[in-house]
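Here is a short note for someone opening this entry for the first time. Please read the points below with the sequence and the model side by side.

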Amino acid sequence: MAALLEFDGLVRRFGRLAVLRGVSGRVEEGQVLLVTGSNGAGKSTLLRCLAGLLRPQAGSIRCEEEGRGLTVAERRRRIGWVAPDLAFYEPLSVGENLELFARLRRVDPGPALASMVSLGVPLDRAAGALSSGMRQRLRWVWALLHRPGVLLLDEPFQNLDAAGETAVRQLLGDHLRRGLAVVATPTALDLPRVAARLELTP
């Protein structure tokens, strides 16, 4: 099995507020785990725990790529992440941002450059001057820059027009040929290869 994400009994509190109360799930390569729930239900908190950005106070997370278990630090480096609050270096152009992040990731920027061209993202425009829809397209490119096995998507189609959503859905389909995805959204979406649904409640 090349990619696997499994979590069991996750608990995360903020002070007296219990946001995650024993949440469990499993998703394998080629599959989507769809996480739904209203605002405040804990969807983003769950994804941050899975990405290694937040530590759950109870429970376990098992994440594998190419059959090898990843440590928390490796999860932070390896997992692809799309979220509304992901920012860029606004004074730099899109192309300059790409060069910077490719160097940090130590990857060839060529495939990401091709993705940006296909998505219609203007390479010479300052990142701070992008529309919300173009920023969302760029977040997808960044998430896939290092070809992760595990992709975490927090409201992945937010601010996209019909053409943009069609384009990033194609990226998701391509990713699922070699990896898995967890998609967090307020309401259920029509997505390919949904293996399981997890509904969180506040």
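1. Cysteines. The model is a predicted one, and a search of the whole structure finds zero disulfides. Cys-49 is in no disulfide, and the nearest cysteine sulfur, that of Cys-63, is 13 Å away. A disulfide would need the two sulfur atoms within 2.5 Å. The statement holds from the other side too: Cys-63 is in no disulfide, with the sulfur of Cys-49 as its nearest cysteine sulfur. Are these two cysteines buried or exposed? Cys-49 is buried, with a relative accessible area of 1%, and Cys-63 is also buried, at 2%.

2. Helix α1. Cys-49 belongs to a group of buried residues in α1 that also includes Lys-43, Thr-45, Leu-46, Leu-47, Leu-50 and Ala-51. Seven of the nine residues of α1 are buried, so this helix is largely enclosed by the rest of the structure. Just after α1 comes Gly-52, which takes a positive phi of about 85°.

3. A salt bridge from α1. How many salt bridges does the structure hold? There are eleven. In one of them, the side chains of Arg-48 and Asp-85 meet at 3.0 Å, N to O. Arg-48 lies in helix α1 (residues 43-51) and Asp-85 in the loop between β6 (80-82) and α3 (94-105), so the pair ties together parts that are 37 residues apart in sequence. Arg-48 counts as partly exposed, at 27% relative accessibility.

4. A salt bridge between strands. Glu-6 and Arg-62 form another salt bridge, and their closest N and O atoms are 3.3 Å apart. This pair links distant parts of the chain, since Glu-6 is in strand β1 (residues 3-14) and Arg-62 in strand β4 (residues 58-65), 56 residues apart. Glu-6 is partly exposed, with 27% relative accessibility. Arg-62 is partly exposed as well, with 41%.

5. A network. The pair in point 4 should be read together with its neighbours in the network. Which residues take part? Glu-6, Arg-26, Glu-28, Arg-62 and Glu-64 are linked in a network of salt bridges.

6. A salt bridge within a helix. Glu-165 and Arg-169 also meet through their side chains in a salt bridge, at 3.0 Å from N to O. Both residues lie in helix α6 (residues 162-175), four residues apart, which is about one turn of the helix. An α-helix has 3.6 residues a turn, so residues three or four places apart point the same way. Both ends of the bridge are partly exposed: Glu-165 at 25% relative accessibility and Arg-169 at 26%.

7. Helices α4 and α5. The axes of helix α4 (residues 110-119) and helix α5 (residues 132-144) come within 10 Å and cross at roughly 160°. Angles over 145 degrees count as roughly antiparallel, and α4 and α5 are therefore roughly antiparallel to each other. The crossing of α4 past α5 is right-handed. On the α4 side the residues that meet α5 are Ala-112, Ser-115, Met-116 and Leu-119. Their partners in α5 are Arg-137, Leu-138, Val-141 and Trp-142.

8. Helices α5 and α6. What is the angle between α5 and α6? These helices pack at an angle of about 10°, with their axes 10 Å apart. They are therefore roughly parallel to each other. From α5, the contact is made by Arg-137, Trp-140 and Leu-144. From α6 it is made by Ala-163, Gly-164, Val-168, Leu-171, Leu-172 and His-175. Arg-137 is thus worth a look in both packings, as it is listed among the α5 residues that meet α4 and among those that touch α6.

9. Positive phi outside glycine. Glu-66 has a positive phi of about 55° although it is not a glycine. Where is Glu-66 placed? It lies in the loop between β4 and β5 (68-69), and at 71% relative accessibility Glu-66 counts as exposed. Arg-193 is another residue other than glycine with a positive phi, in this case near 60°. Its place is in the loop between β8 (180-185) and β9 (194-199). Arg-193 is partly exposed, with a relative accessible area of 46%.

Terms used:
Residues are numbered from 1 along each chain as its sequence is written. This is a predicted model: local features need pLDDT of at least 70, side-chain atom pairs count only at pLDDT 80 or more; totals for chains, interfaces and linings use all residues. Side-chain values use heavy atoms; hydrogens and water are left out. Buried means under 20% relative accessible area, exposed over 50%, partly exposed in between (1.4 Å probe, protein chains only). A salt bridge is a side-chain nitrogen of Lys or Arg within 4 Å of a carboxyl oxygen of Asp or Glu. Helices (H or I, at least four residues) and strands (E, at least two) are DSSP runs, numbered from the N terminus. Axes are lines fitted to C-alpha atoms, for helices over the stretch in contact, and angles run from 0 to 180 degrees between N-to-C directions. Angles under 35 degrees count as roughly parallel, over 145 as roughly antiparallel, 65 to 115 as roughly perpendicular and the rest as oblique. A crossing is left-handed if the near helix is turned anticlockwise from the far one by less than a right angle, and right-handed if clockwise. Contact means heavy atoms within 4.5 Å.
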